[in-house]
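Student: I would like to go through this structure slowly and ask, at each step, what the words used for it rest on. Could we begin with a loop and then work towards the strands and the ligand?

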Amino acid sequence: MKNIIIFGAPGSGKGTYSDEIVAKYNMGHISTGDVLRGEIKNGTELGNIAKGYIDNGQLIPDELMIDILAKTYDALGEGKGVIFDGFPRTIAQAEALKKMLAERNHDMGMMIELVVDEETLMARLLNRAKEQGRADDNEETIKKRFDVYHNQTAPLADWFEKEGLRHTFTWKGSKEQMLSDIFEAIEKENN
Ligand code: AMP
């Protein structure tokens, strides 16, 4: 399977659709948010650094993030395609990912962009706060994360467009519809 970069605002469903794709196509999955939350839970030095940024809705510095990503990717081992979930979030990270994969004779494969209106995003994140108790899912931090997304991450969509990798899926109220459109695109890419 080709690698997949899953891209979208906080609450757009990156984790949810990644899980569905992983289950269907037996791919590897790297969620940088999950990696960082694991480090925080284990009380590591990296976790302590990351916590300050995450609780504030800010991005972890690129250099640190790129290093974590490469280590996580190499630890997965060869063989199957990987979904990158929550990475890249800046142009510098995208350039670094492209280079890191090229050095290993791999490539980015395809980018899946999830477009969801902000009202739905906010409702989903506040609901997730109740269900999962994530420290950064409160209204104040969510608003900061939306700002960070608009300013630092959203411009990356054009970067992927230029690379010829962008596939956009817009939320119209049905998860089943999104999934079947996404699966169709993945299968087309891998034929
Ligand atoms: P997520 O679970 O993907 O929503 O990520 C939660 C938080 O982890 C983000 O708000 C950032 O603070 C941090 N984070 C996750 N991935 C990255 C990344 N690629 N670059 C910088 N910070 C990240």
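Tutor: Let us start with Pro88, which is found in the loop between S3 and H5. Please keep in mind throughout that this is a predicted model.

Student: What makes the peptide bond from Phe87 to Pro88 cis?

Tutor: The angle to look at is omega, and for the bond from Phe87 to Pro88 omega is near 0°, the value given for this cis bond. As a general rule, most peptide bonds are trans.

Student: Which other residues have a backbone angle that deserves a remark, and where is Asn26 placed?

Tutor: Asn26 is in the loop between helix H1 (14–25) and S2, and its phi is near 55°, a positive value in a residue other than glycine. Asn105, whose phi is near 60°, also has a positive value without being glycine, and Asn105 belongs to the loop between H5 and strand S4 (110–115). Most residues other than glycine have a negative phi.

Student: Why is Asn26 called exposed?

Tutor: The word exposed is used for a relative accessible area over 50%. Asn26 has 52%, and therefore it counts as exposed. The same test applies to Asn105, which is exposed because its relative accessible area is 73%.

Student: Why, then, does Ser31 count as buried?

Tutor: Buried requires a relative accessible area under 20%, and Ser31, at 9% relative accessibility, therefore counts as buried. Ser31 is found in strand S2, and its side chain reaches the backbone nitrogen of Asp34 at 3.0 Å, while the cut-off for a polar contact is 3.5 Å.

Student: How do you know that Leu101 and Phe160 are buried?

Tutor: Leu101, placed in helix H5 (residues 91–103), has 0% relative accessibility and so counts as buried. Phe160, in helix H8 (residues 156–163), has a relative accessible area of 0% and is therefore buried. As for where these residues lie relative to others, the C-alpha atoms of Leu101 and Thr32 are separated by 16 Å, with the two residues 69 apart along the chain, and those of Phe160 and Ile112, which are 48 residues apart along the chain, are separated by 9.8 Å.

Student: Why is S1 described as largely enclosed by the rest of the structure?

Tutor: Five of the five residues of S1 are buried, and so the strand is largely enclosed by the rest of the structure. Both faces of S1 are covered, with Ile4, Ile6 and Gly8 buried on one side and Ile5 and Phe7 buried on the other. In a regular strand the side chains alternate between the two faces of the sheet. Strand S3 (residues 82–85) can be read in a similar manner: Val82 and Phe84 point one way, Ile83 and Asp85 point the other way, and all are buried.

Student: How do you know that S1 and S3 are paired, and how many bridges join them?

Tutor: Pairing asks for at least two bridges between the strands, and three bridges join strand S1 (residues 4–8) to S3, the two running parallel; one position to look at is Ile6, which stands opposite Asp85 in S3. S1 and S4 also pair in the parallel sense, over five bridges, with Ile5 opposite Met111 in S4. Strand S2 (residues 28–31) is joined to S3 by four bridges, again parallel, and His29 has Ile83 as its bridge partner in S3.

Student: What makes the approach of Thr32 to the ligand a polar contact?

Tutor: A pair of N or O atoms must lie within 3.5 Å, and an N or O atom in the side chain of Thr32 is 2.8 Å from a nitrogen atom of the ligand, so this pair meets the cut-off. A polar side-chain atom of Gln93 lies 2.9 Å from a nitrogen atom of the ligand, and for Arg134 an N or O atom of the side chain is 3.3 Å from an oxygen atom of the ligand. The protein covers 96% of the 480 Å² of accessible area that the ligand has on its own.

Student: How many residues surround the ligand, and which helix gives the largest share?

Tutor: There are 15 residues around the ligand, and the closest are Thr32, Gln58, Gly86, Arg89 and Gln93. Helix H2 (residues 32–41) gives the largest share of this shell, four residues, and the space that the ligand takes is the largest pocket.

How values were computed:
Residues numbered from 1 in each chain as written. Predicted model: local features only at pLDDT ≥ 70, side-chain atom pairs only at ≥ 80, totals over all residues. Heavy atoms only, no water. Buried < 20%, exposed > 50% of the residue type's maximum accessible area, 1.4 Å probe, protein only. Near = heavy atom within 4 Å. Polar contact = N/O pair within 3.5 Å; in protein donor to acceptor, adjacent residues only side chain to side chain. Areas by Shrake-Rupley, 256 points an atom, 1.4 Å probe, with all protein chains shown as cover. 1 Å grid on protein atoms, 1.4 Å probe; cavity = no way out; pocket = protein on both sides within 12 Å on 5 of 7 lines; lining within 4 Å. Sits in = over half its atoms within 2 Å of the grid points.
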